[in-house]
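Reader: I'm new to looking at protein structures, and I get lost when I try to take in everything at once. Could you pick one part, look at it closely with me, and then show how it connects to what lies around it?

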Amino acid sequence: MSRIRREEPSRRRRQAPLSLNDRRNDPRNGSTLPSSSTRPSRTTAMPSASPGRLHGQDSPRRQNWAGKSPQQVLDMYPPGRTPVNRVVDVLIELFNPMHTALEKTVSHKTRYERAHFLRRFFRELHTDAGFKLAPDPRNLGQRHVQAMVKVWQRRKLSPGTIQTYLSFLRGLAMWLNKPGFIRRPEHYGLTPDEYERHENAQRDKSWSGNGIDVEALLAQVSAYDARIGASMRLMVKVGLRRKESVMCRPYAHVHAFEETGLPDEQREADRYLWTKGKGGRARWLPLATEEQQSAIAHARSVVCGHDAHMGAPDRDLKSNLRRLDYALRKFGLTKRESGTTGHGARHDHLQGQYQDTTGTPAPVRGGGPVDRDLDRQARLRVARIAGHARLRSAGAYIGAVRRSPAGSRDPAQGETGKPGPGSIGDDGDTAAPVT
């Protein structure tokens, strides 16, 4: 009896899944033209079955958690009978994608750093802080936080790192419905020098301000890798972040002013470059100078297609960023070797924007006092081009406000010489207009 052979159904060759950034910029979904008509709105996004989880990107909640609130899920892991690291993992799985104060998700970088910190925090309570057993996160007390702060002091962590760690612990307290549990830094014995960040630049971190011949450096890098050299030129001439420069599509992301949707009174150039930065904030950058136009033309000369980005096409985003960082180290752009890093390219560009607006070098470069209104206008411009939402962020690039010399009272100061209402020092939280 002959056997009947069944024909195997034809199998389609499985394609490698697109990365998140490729999906966002895939021309098939229309997102390569970042105008107001094509930007996805939060209200039209596909709903997720699990709060704080991104549809199609994060794995769904476990089946035995279905229909349960976060508190009911936690009740499934009673204190004292569940390993501490297991409870920490449950909390991270439940809450880590969400912002602790706003109704939005956080970046993958924040998720990774927060999860890594929380796991290490409870582990080091036993290994470094002297506790025989680490407590269940729900039983965390002030003495545990105090002990870990002393560990951080012994390690001489920077103020920014300590502030970040305390912020992560405040987030944990919010997850556990304990707002206000984490006190102010001084409550734990920290001095202002140990926890206060310097929001304003204390020294010039730009490439040129640290004795680097920018054009010669770009020529050397371009000879080593043309794409990386073109990316770094965009960082210097247009002010892009390293990630923004790698993801930049020099053909698809450049548009005429009429396509930007910006009001006519904000027109500064005929062509604009679209980019998306931190927090998903998109912005339009004017290509107003010959150097900027030349940087775009040079970028177009090294890519091979209208939709091509600046990264090597045979590498993913992570690999391209790693290669860019390697090139920065190779050519001495490290704080130890040259006193600055790759981010110093943005400092060069933004300090130039301040000087173009005020006619005076930035304060961090020794520029003198500037009219209050003109200084404010320049700082708003710097914050907007940098992609930050608040006016005070400009100080990180250009330095603090220079007050008038003694004997000549600044218009922004009252009779006592203190900043008056409306001064930069008084409203540093003013939001910069986003374009």
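Author: Happy to! Let's begin with a term we will need: a residue is buried when its relative accessible area is under 20%, exposed when it is over 50%, and partly exposed in between. Please also keep in mind that this is a predicted model.

The part I'd like to look at is helix H4, which covers residues 108–127. Start with arginine 119, which sits in helix H4. Its relative accessibility is 39%, so arginine 119 counts as partly exposed. Side chains of opposite charge can pair when their charged atoms come close. Arginine 119 has such a partner: its side chain forms a salt bridge with that of aspartate 89, at 2.8 Å from N to O. Aspartate 89 belongs to helix H3, 30 residues away along the chain, and the pair links these distant parts. With a relative accessible area of 27%, aspartate 89 is partly exposed as well.

Let's follow helix H3 for a moment, since it has another link to show us. Helix H3 spans residues 84–95 and also holds glutamate 93. The side chain of glutamate 93 meets that of arginine 62 in a salt bridge of 2.7 Å, N to O. Arginine 62 is in the loop between helix H1 (20–24) and helix H2 (70–75), so this salt bridge ties together parts that are 31 residues apart in sequence. Arginine 62 is partly exposed, at 27% relative accessibility.

Now back to helix H4 and another of its neighbours. Two packed helices are described by the angle between their axes and the distance between the axes. For helix H4 and helix H5 (residues 142–155), the axes come within 10 Å and cross at roughly 100 degrees. The two helices are therefore roughly perpendicular to each other. Which residues in H4 and H5 meet? From H4 come Phe117, Phe121, Glu124 and Leu125, and from H5 come His144, Met148, Trp152 and Arg155. Sorted by class, this contact has five nonpolar residues, one polar residue and two charged residues.

Two names from that contact turn up again in another setting. Glu124 and Arg155 are part of a network of salt bridges, in which they are linked with Arg120 and Asp128.

How many salt bridges does a search of the whole structure find? It finds 23. One of them lies within a single helix, which makes a nice contrast with the pairs we have just followed. The side chains of arginine 379 and aspartate 375 meet at 2.7 Å, N to O. Both are in helix H15 (residues 372–386), four residues apart, about one turn of the helix. Both residues of this pair are buried.

You might also wonder about another kind of link. A disulfide is a covalent bond between the sulfur atoms of two cysteines. Here the structure holds zero disulfides. As for individual cysteines, cysteine 248 is buried, with a relative accessible area of 3%, whereas cysteine 304 counts as exposed at 62%.

So what should you take from helix H4? Try finding its two connections in the 3D view: the salt bridge from arginine 119 to aspartate 89, and the crossing with helix H5 at roughly 100 degrees.

Technical notes. Residues are numbered from 1 along each chain as its sequence is written. This is a predicted model: local features need pLDDT of at least 70, side-chain atom pairs count only at pLDDT 80 or more; totals for chains, interfaces and linings use all residues. Side-chain values use heavy atoms; hydrogens and water are left out. Axes are lines fitted to C-alpha atoms, for helices over the stretch in contact, and angles run from 0 to 180 degrees between N-to-C directions. Angles under 35 degrees count as roughly parallel, over 145 as roughly antiparallel, 65 to 115 as roughly perpendicular and the rest as oblique. Contact means heavy atoms within 4.5 Å. Ala, Val, Leu, Ile, Met, Phe, Trp, Tyr, Cys and Pro count as nonpolar, Asp, Glu, Lys and Arg as charged, and the others, Gly among them, as polar. A salt bridge is a side-chain nitrogen of Lys or Arg within 4 Å of a carboxyl oxygen of Asp or Glu. Buried means under 20% relative accessible area, exposed over 50%, partly exposed in between (1.4 Å probe, protein chains only). A disulfide is a pair of cysteine sulfur atoms within 2.5 Å.
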